[in-house]
Each structure stands twice: as C-alpha cells, then as structure tokens.
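Colleague: Could you take a close look at a single part of this model and then set it in the context of the rest of the chain? A connected account would suit me better than a list.

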Amino acid sequence: MEQLIEGYRRFRAGRWPEQRALYRKLASHGQAPPTMVIACSDSRVDPATIFDAGPGELFIIRNVANLAPPFESGGVYHGASAAIEFAVCVLKVKQILVLGHAQCGGCAAALHDDPGAGTYFLAPWLRMLEKAKARIEGAAEDRQSALEYESIRVTLENLLTFPFVRSAVAAQKLSLAGARFGVADGVLEVMDANSGQFRPVD
Ligand SMILES: [Zn+2]
C-alpha cells in the first residue's frame, strides 16, 4: 500500500487541485463519456494514459486479452456484458474502441496447445480466441502479433452479436473501432474500417 498512498498524495497535491472543478461538475451532473474502451488488463496498456484522457472521458472495461464475449442469455455473472449494456443503453456512448496491444500475455497463452490448462476461469475465457487462432493458421512467422490483431477483430465481431449494439450501430448512433498499442515503441495502430488492416497513426 505504501507506494499507492504515495501516489495518492502526489495526486491530491498536483492533479486534484487542478481538476477539482471538473470532478465537482462530474459529481453533480453525472458522467457522460463519449467513448467506451475495451482494453487488456495488462499494466502497461492504460487507455487513460495512452489517450491522455481526463476524468469523465473514457468508460473502460479491462480484462484478459481485451475480449468481449458473444451475447448470451441466461448467464449470471457477466461482468463485461453488463458494462457493455450499461455503456450503450444507459450512458449512450458514441463509440466503442477495442484496444489490443503488443506482447499480450493472454494472446501468448492462447497460442499454447491447451490454453489456461489447470485454471478455473482462464481456460474458458481464452477459448474465445479459438476462432482467432484458426484464422491465423497460415500466418508466416509472427503468430503472436497476428493473434493480437485478430483478438481485436473477434471482439468487434462479438460486440455485434449484442442486439442493442447492432441496433445502435445500424441507427448510426454508435460506431466501433479497433486499435493496437505497441508497448516497446509507443506506436498506436488504428484499424481501417473498410480493409480491416491496421495502420500506425502519424
Ligand atoms: Zn494483453
């Protein structure tokens, strides 16, 4: 805790006084973030840092390998799906960005023969990447990167299985986007909506 408390004290001495009015406004008016980000839990890939975003700007889900599950009814503890429903139906976000990244441990694990073997929750979660794995079968050398790009595409496809996402996209009230962050070089690549290819931002 010591390190966290030190960080908190720096926040209270620095950013808090600068952003006090903004926090007060957000407290009294509520949040209205225009963007939801679905990112990996990886400690090196913080969306607020990468997009230099302040309080109230990003509604974020982070989980292993930046995945959204497909729509399922009858489930009980659907953390990711509940957040997606809240963002789209209650907050009415304008866009959902799926943010993947280089050196993703979740994607690396999914490349093994029996992903998450011996785990309770990781194994079924990583099974969501089976489809992505099948697609990169023919990939030449860098299977890790190929799967990282594909994990973003799978999440974008799964998002469209949610009826409220599909209808908001059809009504042009919501757009979906994909991007991948390079941990080593800090470069953000954004997915072209038409070609599905990723290109670095200038
Ligand atoms: Zn990751």
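Modeller: A residue is called buried here if 20 or more other C-beta atoms lie within 10 Å of its own, and exposed if there are 12 or fewer. The model is a predicted one, and the part I take up is strand 1, residues 35–40. Five of its six residues meet the criterion for buried, so strand 1 is largely enclosed by the rest of the structure.

Its pairing comes next. Strand 1 and strand 2, residues 58–63, run parallel and are joined by six bridges. Within that pairing, M36 has F59 of strand 2 as its bridge partner. Strand 1 also runs parallel to strand 3, residues 95–101, with five bridges between them. In this second pairing, V37 stands opposite L97 of strand 3. As a general point, side chains in a regular strand alternate between the two faces of the sheet.

A helix can be put beside the strand. Helix 8 covers residues 143–159, and twelve of its 17 residues are buried, so helix 8 too is largely enclosed by the rest of the structure. Among the buried residues of helix 8 are A146, L147, Y149, I152, V154, L156 and L159, and the list also includes E148, E150 and N158. The length of helix 8 agrees with expectation: at 1.5 Å a residue it should span 24 Å, and its end C-alpha atoms are 24 Å apart.

The loop between helix 7 (130–135) and helix 8 contains A139. A139 is partly exposed, because 14 other C-beta atoms lie within 10 Å, a count between the two limits given above. A139 and A68 are 71 residues apart along the chain, and their C-alpha atoms are separated by 24 Å.

Now the whole chain. The protein chain has nine helices and six strands. Its radius of gyration is 18 Å, close to the 17 Å that the globule rule gives for 202 residues, so the chain is as compact as a globular protein of that length. Along the principal axes, the C-alpha trace spans about 55 × 40 × 40 Å. Buried residues make up 29% of the 202 residues. Of the contacts with a separation of 6 or more, 63% are between residues 24 or more positions apart.

To return to the part in question: strand 1 is largely enclosed, with parallel pairings to strand 2 and to strand 3.

Terms used:
Residues are numbered from 1 along each chain as its sequence is written. This is a predicted model: local features need pLDDT of at least 70, side-chain atom pairs count only at pLDDT 80 or more; totals for chains, interfaces and linings use all residues. Helices (H or I, at least four residues) and strands (E, at least two) are DSSP runs, numbered from the N terminus. The radius of gyration is taken over C-alpha atoms; the globule rule is 2.2 Å times the number of residues to the power 0.38. Two residues are in contact if their C-beta atoms, placed from the backbone, lie within 7 Å. Two strands pair if DSSP finds at least two bridges between them. The expected span of a helix is 1.5 Å times one less than its number of residues.
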